[in-house]
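Biologist: I would like to learn how to read the packing of helices and strands, taking one feature at a time. Could you guide me?

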Amino acid sequence: MQYRTLGRTGVQVSTLALGAMNFGRIGRTTQGEATAIVDAALEAGINLIDTADMYSGGESEEMVGKAIAGRRDDVVLATKASMPMSDEPNHQGSSRRWLVTALDDSLRRLGVDHVDLYQIHRWDPATSDEETLSALTDLRRAGKIRYFGTSTFPAYRLVQTQWAAREHHLGRYVTEQPSYSILQRGVEAHVLPVTEQYGLGVLVWSPLASGWLSGAVREGREVATNRSAFMPERFDVSIPFNRARLDAVERLAEVADQAGLTMIQLALGFVTAHPAVTGAIIGPRTLDHLNAQLAAAGTVLPADVLDAIDTIVAPGTDLAAHEKFDT
């Protein structure tokens, strides 16, 4: 496992991070399975675990908490808030009122007294940057969080939040968590240059493009991934943009074969090759998934492979721009 510094925090994190979105009913993962995945990930050298309050309605946080019990200090623990947690209109967003409550709820579910990284899951247009940053700064001073960051923020919002922190003498976001893969490269044109400018750590999600780059989606094969079961429209190749994705996958598979790599190694090696990226969040549902992804831990793509990828999906291009959440 390789390690990189998370932005300018000085914290060393593994280039592969364990994402816990599939823990619980979303991935139909039991506590025993989740604990086994955490055990194997930590044994392999992964030291960052990322979850969120809304994953399976809090079940993911509870499973993570039980899985890391007794070894909290070995884990850089990250969670997120702001997505709706109930039908109550104030049980969402990034107001001080909600974040204080949401964090206490997360700490209780995780069974810890602090999290290392607390992230705003999505930008909340109803709340000012000053309101949110003030609340996060106070929570950090109270010792409940060590650092705070953003997830899937548009580039201009990242700039605005940095300005607001300086203007109002508040703590600043130190990380961003964008969606980034070979098939969704739009962040290269706007978000990643901004994160480099401000020294933000970058933890990318969906580096396997919802399974498109896992090797399970190929021409002539029935798609039977967990994601395709509840999002079939994203894998219907009769739809033009899905057809374009499949065509790209077939060409990428040839590049991977010629380089002696699996599709997973190609996909994870690609995102971690970008100089702005600190690490890639993998979200295994089973131990087999985890082991296949761990095989990419030391993958370094040579220049000719990166060039070949560029000829298939041009830099800064999203093959399914309508699926982006950073607008």
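Biologist: How are α1 and α2 placed relative to each other, oblique or not?

Modeller: This is a predicted model, in which local features need pLDDT of at least 70, side-chain atom pairs count only at pLDDT 80 or more, and totals for chains, interfaces and linings use all residues. Residues are numbered from 1 along each chain as its sequence is written, and side-chain values use heavy atoms, with hydrogens and water left out. Helices (H or I, at least four residues) and strands (E, at least two) are DSSP runs numbered from the N terminus. Axes are lines fitted to C-alpha atoms, for helices over the stretch in contact, and angles run from 0 to 180 degrees between N-to-C directions. Angles under 35 degrees count as roughly parallel, over 145 as roughly antiparallel, 65 to 115 as roughly perpendicular and the rest as oblique. Here the axes of α1 (residues 31–43) and α2 (residues 59–67) come within 9 Å and cross at roughly 55°, so α1 and α2 are oblique to each other.

Biologist: Which residues of α1 and α2 make the contact?

Modeller: Contact means heavy atoms within 4.5 Å. Gln31, Ala34, Thr35 and Val38 of α1 meet Glu62, Met63, Lys66 and Ala67 of α2.

Biologist: In what order do the eight strands close into a barrel?

Modeller: Two strands pair if DSSP finds at least two bridges between them. The barrel runs β3-β4-β5-β6-β7-β8-β9-β10, with parallel pairing, and neighbouring strands of this sheet are turned by 30° against each other on average, direction ignored. Within it, β4 (residues 48–50) and β5 (residues 76–81) pair in the parallel sense over three bridges, and aspartate 50 stands opposite alanine 78 in β5.
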